[in-house]
Amino acid sequence: MFRTIHVDQLRPGMRVQRLNGPWLKHPFWRGSFIASERDIERLRASAVESVDIDTRHGVDVDPLAR
């Protein structure tokens with residue numbers, strides 16, 4: 001299942017399926033990957049505000065943090 005989350009909710013191990021923002025203004029050549037600490041830092045420093053995650057193939061958002 002895909003879920004749209006703010007980049008501040010992104011955690012290591014989440015499967016990023018799509019970056020929601022200007023594709024010319026983010027530091028990634030790929031749109032789908034398993035997020036690492038470094039990826040998250042780079043996303044937070046970019047113009048991307050939200051991402052779509054695939055909860056079937058990675059970590060989901062903590063239900064208590066919603």
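**Asp52 and Asn20**

I started at Asp52 in this predicted model. I looked up its side-chain partner and found Asn20, with a polar contact of 3.0 Å between the two side chains. Asp52 sits in strand S4, which spans residues 50–54. Is Asp52 buried or exposed? I read a relative accessible area of 7%, so Asp52 is buried, the cut-off being under 20%.

Next I listed the contacts of Asp52, leaving aside neighbours within four places in sequence. The list holds Arg3, Thr4, Arg15, Val16, Gln17, Arg18 and Asn20. Two of these names, Arg18 and Arg3, come back below under salt bridges.

**Salt bridges**

How many salt bridges does the whole structure hold? My search gave four. I wrote down three of the pairs, as follows.

I took Arg18 and Asp52 to begin with. Their side chains meet in a salt bridge, 2.6 Å from N to O. The pair links distant parts of the chain, with Arg18 in strand S2 and Asp52 in strand S4, 34 residues apart. I noted again that Asp52 counts as buried at 7% relative accessibility. The Asp52 side chain thus has two entries in my notes: the polar contact with Asn20 and the salt bridge with Arg18.

I then turned to Asp60. It forms a salt bridge with Arg3, and the closest N and O atoms are 2.5 Å apart. Asp60 lies in the segment after S4, and Arg3 lies in strand S1 (residues 2–6). These two residues are 57 residues apart, so I logged this as another link between distant parts of the chain. I checked the cover on each end. Asp60 counts as partly exposed at 32% relative accessibility. Arg3 counts as buried at 19%. The cut-off for buried is under 20%, so Arg3 falls on the buried side of it.

The next pair was Asp8 and Arg44. Their side chains meet in a salt bridge of 3.8 Å, N to O. Which parts does this pair tie together? Asp8 is in the loop between S1 and strand S2 (15–20), and Arg44 is in helix H1 (residues 37–44), so the pair joins parts 36 residues apart in sequence. I found both ends partly exposed: Asp8 has a relative accessible area of 46%, and Arg44 has 41%.

**The sheet**

I stepped back to the fold. The chain has one helix and four strands. Along the sequence the pattern reads β-β-β-α-β.

I traced the sheet next. It is an open sheet of four strands in the order S1-S4-S2-S3, with antiparallel pairing. Which strands stand at the edges? They are S1 and strand S3 (33–34); each has a single partner strand, so one side of each is left without a neighbour in the sheet.

I went through the pairings one by one.

- S1 and S4 run antiparallel and are joined by five bridges. In this pairing, Arg3 has Ile53 of S4 as its bridge partner. His6 has Ser50 of S4.
- S2 and S4 pair in the antiparallel sense over four bridges. Asn20 has Ser50 of S4 as its bridge partner.
- S2 and S3 run antiparallel with two bridges between them. Val16 stands opposite Phe33 in S3.

Ser50 therefore appears twice in my list, as bridge partner of His6 and of Asn20.

**Cover on S1 and S4**

I compared the faces of two strands. In S4, five of its five residues are buried. Ser50, Asp52 and Asp54 are on one side, Val51 and Ile53 on the other, and both faces are covered. S1 has a covered face, made of Arg3 and Ile5. Its uncovered face holds Phe2, Thr4 and His6.

**Totals for the chain**

I closed with the whole-chain values. Buried residues make up 35% of the 66 residues. The accessible surface comes to about 4300 Å², and 54% of this belongs to carbon and sulfur atoms. I also looked up contact range. Among contacts with a separation of 6 or more, 63% come from residues 24 or more positions apart.

How values were computed: Residues are numbered from 1 along each chain as its sequence is written. This is a predicted model: local features need pLDDT of at least 70, side-chain atom pairs count only at pLDDT 80 or more; totals for chains, interfaces and linings use all residues. Side-chain values use heavy atoms; hydrogens and water are left out. Buried means under 20% relative accessible area, exposed over 50%, partly exposed in between (1.4 Å probe, protein chains only). A polar contact is a pair of N or O atoms within 3.5 Å; within protein, one must be able to donate a hydrogen and the other to accept it, and residues adjacent in sequence count only if both atoms are side-chain atoms. Contact means heavy atoms within 4.5 Å. Accessible areas come from the Shrake-Rupley method with a 1.4 Å probe; for residues, only the protein chains shown count as cover.
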